[in-house]
Amino acid sequence: MNVAAEEERAAELAGPLRDLLPPVDFCCAYGSTLLHARPDGTSMVDYILGVADPLQWHSENLERNPAHYSRWMAGFGAGAITGLADRVGVAVYFNPFVEWRDKKIKYGVVRMRDLAMDVLTWDRFYLSGRLQKPVHVLVDNWDIRKVNSINLEMATSASLLLLPEEFTEYDLYAQICSLSYMGDLRMLFAEDKDKVKKIVEGSFQSFQLMYRPLLQEYIAEGLLKTSSHGQYKTFRQDCGPSTTYELFYVLPWTIQRQMQGRHTLHGKEIPPRTIVSSKDMAANCVRRALRRRVMVSSMRQAMSGLLASGGAVAAQYLGKKMAKAWQSRVA
């Protein structure tokens, strides 16, 4: 896509921000719809909106766009909307199936502080996982950009722990993309089985722009060696104890804390230092910690969405997801 086409696409994506919604402090558009140059009219474009005060934002949006909310949530008001997001969900409130000109959009509203904390600490591993993949940033924010650079480094470290000694550049991006789907119950029945493949293949150059600076640092430090064979660049990583230890300590403290819990092998407790000096054990701990986080967050957000949207809208959304999942499995 050339520069003029990209600018036109960005202006089109920013349309709801200009003409429909109250002001926001951060916004990105994402999702499989954006992998196609001209998505069909039945597709939804997804947005994450970061705002300083969700209560105030929803109050203004209820005055502007009451039809975006289910009738009963609109009746309860902004306090109930933010309370549902914070107490049941993962601090994000989504409005799906919003009509915008000839398209449908879905937007999730999150408090800026909660967005930054999840990106930096992986405490919910929900929006942090989304920002590890390419997105179209429509309203930039320096604080989010700064913490997300750390998020990308942590995602790279976690993926290197999970990958074998030798892997391709494609394998790395697929592993990074897969982190936020580990343990996601939707992947069992309501998501395209080829979702990761489609995201990586459709956004490969964008992944390169995001992660190549980090990979060049790792190569310069001797953690990675690279060669070019076939379609994708090949990497060989150092799997020794010191590198494993270094990669582990790049991960957020929420993951480190779980990994430094009590672990046993053949009935004997293993000291934390032993855990992170073994790549296989570190990989298993990372995998287990992320699966637990993603499972809890996906369940909480699903429950929040069900309560927010009501049965009919939730069934419509789930039905579309399951139809896409079914098509990918019978293709």
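Before we start, a word on angles: axes are lines fitted to C-alpha atoms, for helices over the stretch in contact, and angles run from 0 to 180 degrees between N-to-C directions. Helices (H or I, at least four residues) and strands (E, at least two) are DSSP runs, numbered from the N terminus. The model is predicted, so local features need pLDDT of at least 70 and side-chain atom pairs 80 or more, while totals for chains, interfaces and linings use all residues. Residues are numbered from 1 along each chain as its sequence is written, and side-chain values use heavy atoms, leaving out hydrogens and water.

**Exercise 1.** Work out how H8 and H9 are oriented to each other.

*Solution.*
- Step 1: find helix H8 at residues 142-162 and helix H9 at residues 169-179.
- Step 2: their axes lie 9 Å apart, and the packing angle is about 110°.
- Step 3: angles from 65 to 115 degrees count as roughly perpendicular (under 35 is roughly parallel, over 145 roughly antiparallel, the rest oblique). H8 and H9 are therefore roughly perpendicular.

**Exercise 2.** Find residues where H8 and H9 meet.

*Solution.*
- Step 1: contact means heavy atoms within 4.5 Å.
- Step 2: on the H8 side, look at residues including Ala-155, Leu-160 and Leu-162; on the H9 side, they include Leu-172 and Ile-176.

**Exercise 3.** Lay out the open sheet and name its edge strands.

*Solution.*
- Step 1: two strands pair if DSSP finds at least two bridges between them.
- Step 2: the 5 strands go E3-E4-E2-E1-E5, and their pairing is mixed.
- Step 3: strand E3 (92-100) and strand E5 (136-139) each pair on one side only, making them the edges.
- Step 4: from one strand to the next, the twist averages 25°.
- Step 5: E3 and strand E4 (residues 103-111) run antiparallel, joined by 7 bridges. Glu-99 sits opposite Lys-104 in E4.

Terms used: The expected span of a helix is 1.5 Å times one less than its number of residues.
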